[in-house]
Structures are given as C-alpha cells and as structure tokens.
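Biologist: I am new to this structure. Please show it, and then I will ask about the terms used for it.

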Amino acid sequence: MIANIVIIILIIGYCIFLIYKAYKNHKEGKHVGCAGCSGNCGSCGGCSTAAGKSQYTKKK
C-alpha cells in the first residue's frame with residue numbers, strides 16, 4: 001500500500017513538472033514541440049517555423 005502511494009506521488013509530481021515546463025516554454029514564446037529540439041531535425045514536426053530560415057536549411 002505504501003509503495004502504491006509513493007508511485008502515485010511520483011507520477012503526480014512528474015505531471016506537475018511537465019505542466020510547469022510547458023507553461024514556462026509558452027511564457028517564453030517557445031513552441032511546445034521544440035522543447036528539446038534545436039530546430040534542425042527533420043523528424044521534429046513542431047519546429048516547422050525554423051524551416052524557412054537560412055541557418056536551418058542545407059546549402060546546395
């Protein structure tokens with residue numbers, strides 16, 4: 001029973017942490033999908049705002 005309570009508290013704490021980080025990123029104007037992305041990864045669909053910038057495009 002104590003183990004279940006500890007696990008639930010850890011899960012709730014992690015959820016609160018994620019909500020806090022999302023709020024902080026939103027307040028700073030960062031896109032939610034780019035929290036851990038530098039913007040130049042091809043698989044990151046949330047970083048489409050960086051697609052048109054010259055520093056993120058490949059030179060031919």
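Modeller: The questions below deal with the terms and their cut-offs. The model is predicted: local features need pLDDT of at least 70, side-chain atom pairs count only at pLDDT 80 or more, and totals for chains, interfaces and linings use all residues. Residues are numbered from 1 along each chain as its sequence is written, and side-chain values use heavy atoms, without hydrogens and water.

Biologist: Why is Val 6 called partly exposed?

Modeller: Buried means under 20% relative accessible area and exposed over 50%, with partly exposed in between (1.4 Å probe, protein chains only). Val 6 has 42%, so Val 6 is partly exposed.

Biologist: How many of the 60 residues count as buried?

Modeller: The share is 13%.

Biologist: What is the span of α1, and what is expected?

Modeller: Helices are DSSP runs of H or I, at least four residues, numbered from the N terminus. The expected span is 1.5 Å times one less than the number of residues. α1 has 27 residues and reaches 39 Å from first to last C-alpha, close to the 39 Å expected.

Conventions. Helices (H or I, at least four residues) and strands (E, at least two) are DSSP runs, numbered from the N terminus.
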